[in-house]
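Thank you all for coming. I would like to walk you through one structure this morning, moving from a few charged pairs to a pair of helices and then to a single side chain.

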Amino acid sequence: YAEELAASLRRIQTLESIKSNLAKFVPKTVQDLIEESPEAPSLEKREADLSVVFADITGYTRLSAQMELDQVNRLVERYFGAFLDEIVKHGGDVNETVGDGLMVIFRDQDPQRHARAAVLAALGIQRRTSQINAELRGQSEPIAMHVGVNSGIASVGATKIEGAAGTRWTYTASGPPTNVAARLPALGEGGAVILSEETRRRLGEEFEAVDLGPQSLKNVA
């Protein structure tokens with residue numbers, strides 16, 4: 001009996017370890033859905049009103065060419081670690097990360113509230129960038145972040161990609177709101193937060209903003 005109990009405990013410890021490590025790579029939204037219904041998590045696509053933040057480092061390619069790879073990785077980790085604190089504080093879920101940027105989703109029953117949270121997180125990203133730039137002055141070149149925020153109804157859920165080698169699932173938001181959000185950062189200088197008209201409309205008078213007028217976005221009607 002003691003041996004069976006010890007074996008069961010080892011299996012539980014192994015499963016907890018697997019869960020802990022996988023959680024590092026899985027969006028918080030997916031973790032919550034699986035915990036709610038472990039046997040059959042609801043991952044099908046559905047429409048949801050949300051706000052999306054895209055942020056990317058200006059000149060990442062140049063930075064990578066000037067520094068050793070491990071130096072670049074440490075630098076990016078320091079900045080992105082600070083960004084994550086801002087994102088989590090305002091209830092965002094990091095959906096995707098690439099070498100030089102990230103995509104964050106904000107959801108709430110109140111469409112004005114998630115738009116506000118997204119903008120506060122975006123402003124927090126720019127504030128933390130300035131702080132770390134100051135801390136690293138003389139050690140590395142300052143970076144600049146391009147950040148955009150858009151709000152609207154998107155399709156949220158899992159997409160299955162099947163091939164001869166197996167099946168891969170991704171969970172993300174897609175559709176016009178995400179496409180627009182991805183294009184907005186390029187409209188501004190480093191240090192700015194670019195809002196879509198829809199996000200701006202939801203904010204009321206709490207935030208000051210400058211109207212950039214109509215803009216052309218690549219591959220967006």
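Arg116 forms a salt bridge with Glu206, with 2.9 Å between the closest N and O atoms, where a salt bridge is a side-chain nitrogen of Lys or Arg within 4 Å of a carboxyl oxygen of Asp or Glu. This pair links distant parts of the chain, since Arg116 lies in helix 5 and Glu206 in the segment after helix 7 (197-203), 90 residues apart; helices here are DSSP runs of H or I with at least four residues, strands are runs of E with at least two, and both are numbered from the N terminus. Arg116 counts as partly exposed because its relative accessibility is 37%, and Glu206 is likewise partly exposed, at 47%; the term covers what falls between buried, under 20% relative accessible area, and exposed, over 50%, using a 1.4 Å probe and protein chains only.

I should say early that this is a predicted model, in which local features need pLDDT of at least 70 and side-chain atom pairs count only at pLDDT 80 or more, while totals for chains, interfaces and linings use all residues. Residues are numbered from 1 along each chain as its sequence is written, and side-chain values use heavy atoms, with hydrogens and water left out.

How many salt bridges does a search of the whole structure find? The search finds eleven, and one of them joins Glu135 to Arg78, whose closest N and O atoms are 2.7 Å apart. That pair also links distant parts of the chain, with Glu135 in helix 5 (residues 111-135) and Arg78 in helix 4 (residues 69-89), 57 residues apart. A more local example is Glu198 with Arg201, at 2.6 Å between the closest N and O atoms, both of them in helix 7 and three residues apart, which is about one turn of the helix. Of these two, Glu198 is partly exposed, at 24%, whereas Arg201 is exposed, at 57%. Salt bridges that share partners also join Asp85, Glu86, Lys89, Arg127 and Arg128 into one network.

Let me turn to helix 4 and helix 5 as a pair. Their axes, which are lines fitted to C-alpha atoms over the stretch in contact, with angles from 0 to 180 degrees between N-to-C directions, come within 9 Å and cross at roughly 150°. The two helices are therefore roughly antiparallel to each other, a label for angles over 145 degrees. Where they meet, with contact meaning heavy atoms within 4.5 Å, the helix 4 residues include Tyr79, Ala82 and Phe83, and those of helix 5 include Ala121, Gly124 and Ile125.

My last stop is His146, which is placed in strand 4 (residues 145-163). Is His146 buried or exposed? His146 counts as buried because its relative accessibility is 16%. The side chain of His146 makes a polar contact with the side chain of Thr58 at 3.2 Å, a polar contact being a pair of N or O atoms within 3.5 Å, where within protein one must be able to donate a hydrogen and the other to accept it, and residues adjacent in sequence count only if both atoms are side-chain atoms. The same side chain of His146 reaches the backbone oxygen of Gly188 at 3.3 Å.

To place these details, the protein chain has seven helices and six strands, and buried residues make up 35% of its 221 residues.

Methods: Parallel < 35°, antiparallel > 145°, perpendicular 65-115°, else oblique.
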